Amino acid sequence: MENQFSLLNKEQLSLKNREVFEKMEKNFGKVPNLYNVIAYSEHALDAYIKLEETPNSLTPKEVEAVNLVVSQVNQCLYCLSAHTIIARTTGITEEDSREIRLGKFPAEEKIDALVKLTEQITLNRGHVKDNALEKFFEVGYTKENLVDLILLIGDRTISNLLYAVTQVPIDFPIAKSV
């Protein structure tokens, strides 16, 4: 069927995307299935990788907390599975991941404020309720951090939508339910 997405083989890739895949395989040992689906577009894969590689004012741990919250809100099992694994490299344990996915992280006040604001922005499409934005700034985040947070939410939302529409096979250990 035309609307089903199967994984592309190298012969089906544009020359440009084939080069991107070769670089990913060299650096990471594989091309995650979601990137394979993005490669249906010659232009989207390059654009998406540039977005993901854009420098950010948040720490790697903070970035992964954002990725977990957005993926939880958007019910993206693919990204939850991938980012539960990636989050471990930043010091976020599996139990921490579960707390973060539930919209809180009481062990660290600053990340807790980030998680709560991320959840509000994602759930309410940018319309923040309560005092989540106020608390975000009170714990030491800046306007630069806020802009970078919104960019990260957009990045993760793109991958969440791609998975929701394409239902590409999950090629990571499946994240546990919360």
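This is a short selection-by-selection tour of a predicted model, moving from one helix to its neighbours and then through some salt bridges.

**Stop 1: helix H3**

Start by selecting residues 44-53, which make up helix H3. Show the side chains of Leu45, Tyr48 and Ile49; these three are buried. Now turn the view until you look down the axis of H3: the buried residues fall within an arc of 100°, so they line one face of the helix. An α-helix has 3.6 residues a turn, so residues three or four places apart point the same way. To see what covers the buried residues of H3, add helix H1 (15-28), helix H2 (33-38) and H9, which are among the elements found there.

Stay on H3 and pick Lys50 and Asp46. They form a salt bridge, with the closest N and O atoms 3.1 Å apart. Both residues belong to H3 and sit four residues apart, about one turn of the helix. Lys50 is exposed, at 52% relative accessible area, while Asp46 is partly exposed, at 23%.

**Stop 2: helix H9**

Next, select residues 143-166 for helix H9 and find Asn145 in it. Is Asn145 buried or exposed? Its relative accessible area is 8%, so Asn145 is buried. Leaving aside residues up to four places away in sequence, Asn145 touches Ser57, Leu58, Phe136 and Gly140, so display those four too if you are following the contacts.

Then move to Asp155 and Arg156. This pair forms a salt bridge whose closest N and O atoms are 3.8 Å apart. Asp155 has 5% relative accessibility and counts as buried; Arg156 is also buried, at 3%. Add Glu52 to the selection, and you have a network of salt bridges linking Glu52, Asp155 and Arg156.

**Stop 3: helix H8 and its surroundings**

Select residues 132-138, helix H8, and look for Leu133. Leu133 is partly exposed, with 32% relative accessibility. Switch on a surface and add Val128 and Phe137: together with Leu133 they make a nonpolar surface patch of about 190 Å².

Finally, pick Lys135 and Glu109. What joins them is a salt bridge, with the closest N and O atoms 3.0 Å apart. The pair links distant parts of the chain, since Lys135 lies in H8 and Glu109 in helix H7 (residues 109-123), 26 residues apart. Lys135 is partly exposed at 30% relative accessible area, and Glu109 is exposed at 52%.

If you would like to keep exploring, the structure holds ten salt bridges in total.

Terms used. Residues are numbered from 1 along each chain as its sequence is written. This is a predicted model: local features need pLDDT of at least 70, side-chain atom pairs count only at pLDDT 80 or more; totals for chains, interfaces and linings use all residues. Side-chain values use heavy atoms; hydrogens and water are left out. Helices (H or I, at least four residues) and strands (E, at least two) are DSSP runs, numbered from the N terminus. Buried means under 20% relative accessible area, exposed over 50%, partly exposed in between (1.4 Å probe, protein chains only). Contact means heavy atoms within 4.5 Å. The arc is that of the directions from the helix axis to the C-beta atoms. Patches are made of residues with over 30% relative accessible area and no salt bridge: like charges are joined within 9 Å, nonpolar side chains (Val, Leu, Ile, Met, Phe, Trp, Tyr) within 5 Å. Accessible areas come from the Shrake-Rupley method with a 1.4 Å probe; for residues, only the protein chains shown count as cover. A salt bridge is a side-chain nitrogen of Lys or Arg within 4 Å of a carboxyl oxygen of Asp or Glu.
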